[in-house]
Amino acid sequence: MAAQQTDNRIKIAVQKSGRLTEHSLDLLARCGLTYSRGRDQLICYGENMPVDVLLVRDDDIPGLVQEDICDLGIVGGNVIEEVRLGLVERGETELFAKVSTLDYGHCRLSFGLPDGTPYESPRSLQGQRIATSYPNIVRDFLRRSGVDASVVEFSGAVEIAPSLGRADVICDLVSSGATLRAHHLYEAETILESQAALIQTPKAVPSVKADWIRRLLQRVQGVIQVKESKYIMLHAPRSALQKIRALLPGAEAPTIMPLEGRDDKVALHAVCRENVFWETLEQLKEAGASSMLVLPVEKMLD
Ligand code: ATP
Ligand code: ZN
């Protein structure tokens with residue numbers, strides 16, 4: 001019985017300590033999950049849902065889903081692609097599917113060349129030694145570009161490879177570009193855009209568990225949507241309604257209500273699926289809208 005209960009709990013792998021940790025745990029908290037952290041600090045036991053969080057190195061996350069140890073995982077698109085290409089190369093089937101991108105952990109995988117070294121196209125890499133922690137992605141790019149270059153695998157601190165004389169070029173994750181600049185390198189070409197994503201096992205799970213996974217995924221979608229969504233309220237002249245509705249960013253069917261004692265004006269309430277900027281409010285005002293209020297949305301479920 002106890003084993004069966006354990007079996008019915010959803011296991012989700014999250015980075016233990018790094019750039020994705022805080023955002024990922026925050027996302028799960030916004031989905032309503034409360035948990036207590038195990039003494040070994042490696043598992044967070046869900047208290048109000050049958051969901052446990054395994055804290056691991058990010059590189060291990062696709063593998064944990066692949067091997068069916070975890071049902072879900074949150075990891076960078078870069079790691080997903082690197083592991084996927086590794087499996088393809090070994091002729092193995094990939095057993096994790098990307099179910100949603102999560103809009104954090106944005107970065108890109110780019111070639112960095114020493115300042116002053118020219119770069120025109122991937123051809124410029126011909127015969128070069130490229131240091132990277134993403135050998136599969138880099139080899140795949142070189143193959144598709146018809147370029148012959150050698151890939152030197154580094155597990156970290158890739159940016160020091162050129163100054164150590166171990167490589168001519170690097171291919172590494174970049175967000176602001178400050179690390180590249182500090183090492184006298186410049187960003188020559190991006191080969192992958194990445195952000196955190198949720199992966200899921202494609203294997204069938206018991207229906208109780210499948211039901212909770214479905215609920216959790218639905219909540220994740222809700223959390224992603226509310227981040228951008230705003231609730232807008234305004235007064236509008238009836239004559240300008242069409243124009244005002246067209247200006248509302250990503251709004252579906254607004255609610256239109258009469259205003260006591262006014263035949264020429266109505267109140268309009270709408271959920272905007274995109275952020276409402278000052279420019280939009282200025283355009284709405286110009287179109288005749290007044291008494292505008294923009295409120296954040298706390299939760300959303302379609
Ligand atoms: P671990 O100990 O879990 O292996 P790590 O050092 O590989 O950690 P982090 O540096 O914490 O990983 O990065 C985790 C993920 O964050 C990356 O795989 C990437 O998806 C994302 N990321 C976002 N911005 C950057 C950036 N500027 N540099 C590196 N990774 C970034
Ligand atoms: Zn890692």
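Colleague: What makes you say that ligand 1 sits in the largest pocket?

Modeller: In this predicted model, ligand 1 is placed in the largest pocket because more than half of its atoms lie within 2 Å of the grid points. A pocket is, on a 1 Å grid over the protein atoms alone, an open set of points with protein on both sides within 12 Å along at least five of seven lines.

Colleague: How do you know which residues surround ligand 1?

Modeller: A residue counts if one of its heavy atoms lies within 4 Å, and 15 residues surround ligand 1, the closest being Gln15, Arg19, Asp59, Asn78 and Ser175.

Colleague: Why is the approach of Ser175 to a nitrogen atom of ligand 1 called a polar contact?

Modeller: An N or O atom in the side chain of Ser175 is 2.7 Å from that nitrogen atom, and a polar contact is a pair of N or O atoms within 3.5 Å, so the pair qualifies. A polar side-chain atom of Asp59 likewise lies 2.8 Å from an oxygen atom of ligand 1.

Colleague: What makes the shell around ligand 1 one that draws on two domains?

Modeller: The shell takes at least three residues from each of domain 1 (2-105 + 196-226) and domain 2 (107-193), with bounds that come from an automatic or database domain assignment. The C-alpha centres of these domains, domain 1 and domain 2, lie 30 Å apart.

Colleague: How should the residue numbers be read?

Modeller: Residues are numbered from 1 along each chain as its sequence is written, and ligands are numbered from 1 in the order in which they are written. Side-chain values use heavy atoms, without hydrogens and water, and side-chain atom pairs count only at pLDDT 80 or more.

Key
Predicted model: local features only at pLDDT ≥ 70, side-chain atom pairs only at ≥ 80, totals over all residues. Polar contact = N/O pair within 3.5 Å; in protein donor to acceptor, adjacent residues only side chain to side chain. 1 Å grid on protein atoms, 1.4 Å probe; cavity = no way out; pocket = protein on both sides within 12 Å on 5 of 7 lines; lining within 4 Å.
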